[in-house]
Structure formats: structure tokens, C-alpha cells
Amino acid sequence: MEMIKVKNYEQLSERATNIILETVNNNEEPVLGLATGATPEKLYENLIEKNKNGEVTFKNVTTFNLDEYVGLSGEDENSYRYFMNKNLFDHIDIQKDKTFIPNGLAENLELECEAYEKLIKSHGKINVQILGLGLNGHIGFNEPGTPFDKRTHIVELDDVTRSANARFFERLEDVPTQALTMGIGTIMEAEKIILLVQGEKKSAILHEVVHGPVTENVPASILQNHPNVTIITDIDIK
Ligand code: F6R
């Protein structure tokens with residue numbers, strides 16, 4: 001794993017922006033894996049700016065997001081589709097029908113997961129996958145204990161994750177209890193993975209991810225086994 005230590009959130013976002021720009025500019029049909037959450041917000045802001053000033057075009061880009069809540073429509077302000085449209089897709093020249101996010105309203109969620117896997121496969125591979133890190137070590141919504149070989153699947157969200165995400169909802173009870181997520185098996189097939197980790201509160205878990213044993217109790221620890229992972233962080237880690 002390559003570690004890039006930065007001073008602050010601006011630098012973290014800038015480093016991530018440059019990697020995305022390079023990927024998009026060096027591939028004819030780039031495929032990006034994207035995440036929601038607070039960490040990549042500034043990265044997306046930068047991409048909008050770079051697109052507006054002509055440094056990059058997203059015309060040929062396809063995106064696959066990691067996850068979506070079950071039961072929320074794309075118009076719901078708390079859905080990840082809404083987040084992605086608002087924070088990125090609505091402001092760049094990407095073709096919206098090339099932006100994929102699991103459908104949390106699908107009638108048959110199992111079939112939706114299978115279809116999502118097939119869709120990713122039909123695009124070859126994800127060139128760069130952006131990941132954030134959960135306080136419990138989750139990546140996507142792969143909570144501790146999730147088998148490493150899982151593909152896109154339905155998850156029950158644990159209390160740590162629901163409380164961490166409750167800040168976006170009016171009440172904790174409003175946070176969905178299920179989500180659809182790419183599995184770790186899916187994530188590990190990306191050509192390159194960028195893990196963005198910001199803020200001291202993630203220091204202990206990042207340490208476990210990097211130096212601890214590879215264990216399903218710390219989902220992101222599997223990244224130690226991926227051949228091309230870059231961690232960009234403002235945390236001091238030896
Ligand atoms: C979001 C996702 C999550 C977040 C993680 C960190 O699509 O898959 O794994 O990346 O919960 O969230 P933030 O960035 O809000 O700390």
C-alpha cells in the first residue's frame with residue numbers, strides 16, 4: 001500500500017483530484033468507482049471546477065457508486081443518488097445514463113444486486129475506485145464480519161454506521177436499516193483503489209487497517225492484499 005501523508009483536507013482532495021484526472025485523461029472509456037460521504041465532497045467540487053475550465057471531460061466516463069440505502073428514491077435528499085447528482089453529476093458533462101448506483105427501490109433486491117454485478121463486468125473493470133473509511137473499518141457498506149468474497153449484496157446497517165450517518169437525517173429512526181453495497185470481492189477487482197481518510201477520529205482504525213492483521217472484523221484491512229492501493233490521509237501514521 002502506498003501512503004500519501006498530506007497536511008490537510010485541501011491537499012488530500014487535490015491529490016485525489018489529480019489521480020482521477022490522470023485516469024480520465026489516459027483512458028478512452030474510463031470507469032470510475034465513486035463513494036458518497038463527507039470525505040470526497042471537496043474532490044467532487046474540484047472535478048466540477050476542472051471540468052468547467054476545460055481540463056477534463058467526462059463525456060466518455062462511466063461511474064459505479066459503491067452503495068445506496070434501501071427504501072429511498074433518487075429524489076430523496078438522503079439517497080446517495082441525490083447526493084451524487086447534487087455534488088457532481090448535475091454540474092459536469094457526464095452522460096447521466098452512464099452513472100450507475102444500485103437501486104434501493106428495486107422490487108427484487110437480490111436481482112438488483114446481480115444485475116449491478118453484471119453491469120460492472122460488462123464494462124470490463126473499474127479503473128479507479130474511490131473509498132472512504134468508516135469508523136468501524138467499513139468500506140462501502142461492508143460492515144465488520146462481512147465475508148471478503150461477497151459481491152454486491154443487501155446489508156443490515158449496524159448501529160455505529162447508522163448513528164454516524166444520523167447527522168444527515170432528522171431523527172436516528174429515519175436512517176434506513178438496510179443498504180445495497182458492492183461487496184469486497186467486487187471492490188478488490190478494481191484496477192486501482194484510492195482510500196481517503198481524513199481526521200484524527202479515524203486514526204485508530206486507520207492504524208488497524210494498515211498495520212493490523214487482515215481480518216473480516218476490519219473490512220478495509222483486506223486492502224493490504226490489493227496490488228495497487230493508495231491511501232491519502234492527513235493522519236500521522238508510522
Ligand atoms: C459511502 C460509503 C461509506 C463512506 C464511509 C466514510 O458511499 O461507502 O463507506 O465512505 O462511511 O464516510 P465519511 O466520508 O462521511 O466519513
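Let's start at one side chain. Aspartate 234 reaches the backbone nitrogen of glycine 199 with its side chain, at 3.0 Å. Keep in mind that this is a predicted model.

Where does aspartate 234 sit? Look in the segment after strand S10, which covers 229–233. Its side chain also makes a polar contact with the side chain of glutamine 198, at 3.5 Å. So what about charge? Aspartate 234 is buried, yet it has no salt bridge. The nearest side chain of opposite charge belongs to lysine 5, and that is 6.8 Å away. A salt bridge here needs nitrogen and oxygen within 4 Å. Leaving out residues up to four places away in sequence, aspartate 234 touches Lys5, Val6, Lys7, Asn8 and Leu12. It also touches Val197, Gln198 and Gly199.

Now, which pairs do form salt bridges? The whole structure has seven of them. In general, side chains of opposite charge can pair when their charged atoms come close. I'll take three.

First up, glutamate 55 with lysine 50. Their closest N and O atoms are 3.7 Å apart. Glutamate 55 is partly exposed, because its relative accessible area is 40%.

Next, lysine 96 and aspartate 90. These side chains meet at 2.7 Å, N to O. Lysine 96 has 38% relative accessibility, so it counts as partly exposed. Aspartate 90 is at 46%, and it counts as partly exposed too.

Then arginine 151 and glutamate 117. This salt bridge is 3.1 Å, N to O. What does the pair tie together? Arginine 151 lies in the loop between S6 and S7, and glutamate 117 lies in helix H4, residues 109–122, so the bridge links parts that are 34 residues apart in sequence. Are the two partners buried or exposed? Arginine 151 is partly exposed, at 28% relative accessibility. Glutamate 117 is buried, with a relative accessible area of 9%. The pair also belongs to something wider. Salt bridges with shared partners join Glu117, Arg151 and Glu189 into one network.

Stay with that loop for a moment. Histidine 138 is in the loop between strand S6 (128–132) and strand S7 (153–156). Is histidine 138 buried or exposed? Its relative accessibility is 12%, so it counts as buried. Its side chain has a polar contact with the side chain of glutamate 143, at 3.1 Å. Beyond four places in sequence, histidine 138 touches Gly132, Leu133, Glu143, Thr161 and Pro219.

One residue along is isoleucine 139. Setting aside neighbours within four places in sequence, its contacts include Leu131, Gly132, Ile184, Ile187 and Leu195. Pro219, Ala220, Ile222 and Leu223 are also among them.

That brings us to the core. In soluble globular proteins, nonpolar side chains tend to be buried together. Here the largest nonpolar core has 60 residues. Which residues have the most contacts inside it? They are Leu88, Ile130, Ile139, Leu195, Leu223 and Ile232. Helix H1, residues 9–26, supplies the largest share of this core, with six residues. Apart from it lies another core, of 10 residues. Leu72, Tyr80, Phe141 and Leu157 are among its members.

To recap. Aspartate 234 is buried without a salt bridge. Glu117, Arg151 and Glu189 share a salt-bridge network. And Ile139 is one of the residues with the most contacts inside the largest core. That's my tour. Over to you.

Definitions and conventions
Residues numbered from 1 in each chain as written. Predicted model: local features only at pLDDT ≥ 70, side-chain atom pairs only at ≥ 80, totals over all residues. Heavy atoms only, no water. Helix = DSSP H or I, 4+ residues; strand = E, 2+ residues; numbered from the N terminus. Buried < 20%, exposed > 50% of the residue type's maximum accessible area, 1.4 Å probe, protein only. Lys, Arg positive; Asp, Glu negative; His and termini not counted. Polar contact = N/O pair within 3.5 Å; in protein donor to acceptor, adjacent residues only side chain to side chain. Contact = heavy atoms within 4.5 Å. Core = buried A, V, L, I, M, F, W, Y, C linked by side-chain atoms within 4.5 Å.
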